[in-house]
Structures are given as C-alpha cells and as structure tokens.
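Visitor: Please take one part of this model and go through it closely, then show how the rest of the chain relates to it. Give the cut-offs as you go.

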Amino acid sequence: MTHAGMYLPSLSYMRALLRSELGLEATPGPEKRPNRAVIRGAWGEQTLTVPLAGGRQAAGRHGRDLMVSEHGNWRHAHWQAITSAYGRLPYFHFLEAPFARIYASGEQRFNTLCASLQEAVMDAAGLPGVMTWLKEHPRPLRLPDDATLFPGHVSVIELLFARGPESVFYLLGD
C-alpha cells in the first residue's frame with residue numbers, strides 16, 4: 001500500500017492513511033502542498049520543499065508527469081537538515097541507509113520519489129507485516145501515553161527515528 005505523491009507525509013496523514021487501509025478511518029484527502037514536509041530540530045520547525053519543474057503552477061498538479069527540479073541542490077540540503085534534526089535520535093543510525101540512498105538516487109519523477117520514501121518508512125516501521133496480521137486478526141492497539149510528543153503536522157520520520165519499531169503503536173493505536 002502506497003499513496004504516491006506526498007513528500008515525507010505528516011504523522012496525522014500517514015496515520016489516517018494506514019488506519020483507512022484497516023477500515024478504521026476514512027481515507028485522508030489530498031494535501032494542499034504535497035511537495036512540502038515539516039521537520040523539527042533544535043532550532044524549531046523547518047519546512048522542506050521539493051522544487052518542482054514548472055514552479056508554483058506544477059505544485060498544484062498531481063500525476064505521473066510531475067518532475068523534480070534540481071534547483072538549489074535541495075537533495076543535499078534536505079538530507080543535511082534531516083541528519084541535523086534527527087541524527088541523535090535512538091533509531092536514526094539503524095534506519096537511515098534506505099533514506100540516504102533515496103536522496104542520493106537522483107530520482108526525477110516526484111511520485112516515484114514520494115513512493116520510495118513512503119516505502120522506506122513502512123519497511124523501517126515493520127508496517128507491511130503488521131498490516132497483514134491486523135487485517136487477519138483485527139484488534140485494537142493501544143496508543144502510547146507519550147503520543148502527544150509527536151505533533152500531527154510534523155513528518156512521520158521524526159516518530160520513526162525516535163521510536164523505531166514501536167512506531168506502529170503510534171500510527172495504528174486508538
């Protein structure tokens with residue numbers, strides 16, 4: 001299950017998407033700016049924006065023809081921002097390799113880039129197996145007590161790098 005076209009989706013968007021796959025919530029609507037993500041670091045929140053070929057007019061379009069622009073060496077800048085923000089979190093060094101490869105890949109199609117990042121999140125959290133198991137054995141998962149530490153508008157990668165495999169409880173818990 002992938003929903004291509006969302007760059008490093010927010011925690012609330014990813015949670016709604018996964019829960020809808022299990023029949024627990026309605027599918028989330030499209031984001032207004034799918035090429036933007038918010039991360040948090042010691043300096044506060046930072047918005048990462050993938051430049052799209054065609055500029056602002058392209059940002060409102062969806063589809064396979066949406067292409068990434070290489071303006072401003074954004075791949076390097078985004079990876080540096082992610083490393084600075086999350087490099088000291090407990091699971092970062094265990095889970096960073098697939099993300100680093102995606103940023104180094106030079107993928108030009110926006111939807112393919114987004115799908116690759118979402119797949120890396122899903123795999124790192126062990127979600128494919130958990131989702132399959134929960135579909136066969138439906139049962140509630142308890143939302144951890146510290147769930148409010150992770151604001152819904154921030155990218156899901158913060159949760160992933162902070163909680164690792166435990167992320168599944170934050171994403172699917174009640």
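Guide: In helix α5, the buried residues (under 20% relative accessible area; over 50% is exposed, in between is partly exposed; 1.4 Å probe, protein chains only) are F110, N111, L113, C114, A115, L117, Q118, A120, V121, M122 and A124. The model is predicted: local features need pLDDT of at least 70 and side-chain atom pairs pLDDT 80 or more, while totals for chains, interfaces and linings use all residues. Residues are numbered from 1 along each chain as its sequence is written, and side-chain values use heavy atoms, without hydrogens or water.

Helix α5 covers residues 110-124, where helices (H or I, at least four residues) and strands (E, at least two) are DSSP runs numbered from the N terminus. From first to last C-alpha, the 15 residues of α5 reach 21 Å, close to the 21 Å expected at 1.5 Å a residue (1.5 Å times one less than the number of residues). With 11 of its 15 residues buried, α5 is mostly covered. The cover over those buried residues includes α1 (11-21), α3, α4, α6 (127-136) and α7, by contact (heavy atoms within 4.5 Å). After α5 comes G126, which has a positive phi, near 70 degrees.

α5 also supplies the largest share, 8 residues, of the largest nonpolar core (buried Ala, Val, Leu, Ile, Met, Phe, Trp, Tyr and Cys joined through side-chain atoms within 4.5 Å). That core has 50 residues, and Y7 and I82 touch the most other members. At least two core residues come from each of α1, β1 (36-41), α3, α4, α5, α6, α7 and α8. Beyond four places in sequence, Y7 touches F110, C114 and L117, as well as P34, N35, R36, A37, L48, V50, W74, H78 and Y103. F110, C114 and L117 are among the buried residues of α5.

Of the helices over α5, α1 is itself mostly covered, with 9 of its 11 residues buried. These are L11, Y13, M14, R15, A16, L17, L18, R19 and S20; the list includes two arginines, R15 and R19. What covers them includes α5, α6, α7 and α8. In the segment before α1 is L8, with phi near 40 degrees, positive although the residue is not glycine. L8 counts as buried because its relative accessibility is 2%. α1 is followed by G23, also with a positive phi, near 80 degrees.

From α8, L172 reaches α1 through R15, L18 and R19; its other contacts beyond four places in sequence are L22, L127, V130, M131, L134 and L141. L172 has a relative accessible area of 3%, so it is buried. L172 and T132 are 40 residues apart in sequence, and their C-alpha atoms are 13 Å apart.

Two other members of the cover, α3 (residues 74-86) and α4 (residues 92-105), pack at about 170 degrees with axes 11 Å apart (axes are lines fitted to C-alpha atoms, for helices over the stretch in contact, and angles run from 0 to 180 degrees between N-to-C directions). The two helices are therefore roughly antiparallel (over 145 degrees; under 35 is roughly parallel, 65 to 115 roughly perpendicular, the rest oblique). α3 contributes W74, R75, H78, W79, I82, T83 and Y86 to the contact, and α4 contributes F92, E96, F99, A100, I102 and Y103. By class, these are 9 nonpolar, 2 polar and 2 charged residues (Ala, Val, Leu, Ile, Met, Phe, Trp, Tyr, Cys and Pro are nonpolar, Asp, Glu, Lys and Arg charged, others, Gly included, polar).

Helix α4 also packs against α7, at about 135 degrees with axes 8 Å apart, and so is oblique to it. F92, L95 and F99 of α4 meet I157, L160 and F161 of α7, giving 6 nonpolar, no polar and no charged residues.

Two loop residues remain. N73, in the loop between α2 (56-59) and α3, has a positive phi near 50 degrees without being glycine, and is partly exposed at 48% relative accessible area. P165 sits in the loop between α7 (156-163) and α8 (167-172); P165 is partly exposed, also with a relative accessible area of 48%. Its contacts beyond four places in sequence are Y91 and A125. P165 and A100 are 65 residues apart along the chain, with 19 Å between their C-alpha atoms.
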